[in-house]
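Here are my notes on the model you sent round. Have it open while you read, and go through the points in order.

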Amino acid sequence: MELAPELAELESLMKRAESAQWALHDLTEESRAVAASTWAATATDATGSVRASTDADGVLGSIELSSDWRLLVGAERFAGAVTEACQNAVQAGVMAWAKVAEKTGLDRRLREVLEYLDGTAAPPSWMQARGPRPPFPTASMSAATESDDLRAALTTGESSGVAAQGKLTVTIDLAGVATCQADPGWVSRQNTAQLNENLAAALASARGRFKAWKR
């Protein structure tokens with residue numbers, strides 16, 4: 001008898017989820033379409049010596065130093081400047097998505113469906129049930145997670161790429177935010193071209209797992 005209220009709520013939740021599944025599917029597709037046109041962004045650190053860009057998936061795609069990085073940030077602040085530029089690029093993409101979502105009403109419709117699923121609001125007037133259950137990409141997810149590297153990334157919530165025998169590390173978490181760690185002594189001995197080459201190598205290693213997972 002004590003379980004009756006919980007079972008009733010579970011049944012109600014299942015019914016709400018079933019009636020909202022097409023709405024969630026459509027909103028997810030719309031959100032992806034908006035992301036594809038807004039998540040690609042470019043930003044710099046405060047000094048302008050490090051430029052980072054994200055791709056259409058919101059994943060960090062490139063990091064590049066300007067020729068005057070040594071004067072503007074130096075070896076000691078190098079890793080912090082790279083991290084700042086990366087975070088600014090991701091944030092720029094998110095903000096661009098949010099502006100489009102607000103303008104098109106996507107954020108409002110997402111909120112209405114979530115409130116309905118939570119049981120705090122009636123079903124939105126625009127939400128309609130139709131046809132069979134919408135497709136879910138279980139096959140692609142299953143194939144993607146067969147990789148040991150991917151499983152590790154999904155378990156820890158981050159993926160790291162290493163260059164220069166561990167002197168430089170770029171880490172991307174599941175939110176797409178990247179951080180950099182570097183040995184200042186090693187950094188001080190590198191020229192701009194060498195650092196850009198090593199940044200590209202570390203980033204390519206870190207982001208490859210997430211690009212595979214997103215597919």
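**Notes on the fold**

1. Let's start with one residue pair: S160 has T171 in β5 as its bridge partner. Strands here are DSSP runs of E with at least two residues, helices are runs of H or I with at least four, and both are numbered from the N terminus. Keep in mind that this is a predicted model, where local features need pLDDT of at least 70, side-chain atom pairs count only at pLDDT 80 or more, and totals for chains, interfaces and linings use all residues. Residues are numbered from 1 along each chain as its sequence is written, and side-chain values use heavy atoms, with hydrogens and water left out.

2. That pair belongs to a wider match: β4 and β5 are antiparallel and share six bridges. Two strands count as paired if DSSP finds at least two bridges between them. The sheet is open and has three strands in the order β4-β5-β6, with antiparallel pairing. β4 and β6 (178-182) are at the edges with a single partner strand each, so one side of each has no neighbour in the sheet. On average, neighbouring strands of this sheet are turned by 15° against each other, ignoring direction. Axes are lines fitted to C-alpha atoms, for helices over the stretch in contact, and angles run from 0 to 180 degrees between N-to-C directions.

3. Now look at the loop between β4 (158-163) and β5 (168-173), where A164 is found. Most residues other than glycine have a negative phi. A164 has a positive one, near 55°, and Q165, in the same loop between β4 and β5, also has a positive phi, about 55°, without being a glycine. Are these two residues buried or exposed? A164 is partly exposed, at 25% relative accessible area, while Q165 is exposed, at 85%. The cut-offs are under 20% for buried, over 50% for exposed and in between for partly exposed (1.4 Å probe, protein chains only).

4. There is another open sheet of three strands, ordered β1-β2-β3 and paired antiparallel. Its edge strands, β1 (42-44) and β3 (60-65), each pair on one side only. From one strand to the next, the twist averages 20°. Strand β2 (residues 50-54) runs antiparallel to β3, and five bridges join them. Within that pairing, S53 stands opposite S62 in β3, and V50 stands opposite L65 in β3. β2 and β3 make a hairpin with five residues between them, and G58 in the turn has a positive phi of about 80°.

5. What does S49 touch, leaving aside its neighbours within four places in sequence? S49 is in the loop between β1 and β2 and is buried, with a relative accessible area of 1%. Its contacts (heavy atoms within 4.5 Å) are E64, L65, S66, W69, L72 and V73.

6. Next, helix α3 (residues 78-104) and helix α4 (residues 106-117). Their axes come within 5 Å and cross at roughly 80°. α3 and α4 are therefore roughly perpendicular to each other, the word covering 65 to 115 degrees, with under 35 roughly parallel, over 145 roughly antiparallel and the rest oblique. W97, A101, E102 and T104 in α3 meet L106, D107, R109 and L110 in α4.

7. Finally, the packing inside. A nonpolar core here is a set of buried Ala, Val, Leu, Ile, Met, Phe, Trp, Tyr and Cys residues joined through side-chain atoms within 4.5 Å. The largest one has 30 residues, of which I63, F78, V82 and L199 touch the most other members. β2, β3, α3, β5, β6, α7 (184-188) and α8 (192-214) each supply at least two residues of this core, and α3 gives the most, with seven. Aside from neighbours within four places in sequence, V82 is in contact with V50, I63, C180 and L199. A second, separate core has 12 residues, including A23, L27, Y116 and M127.
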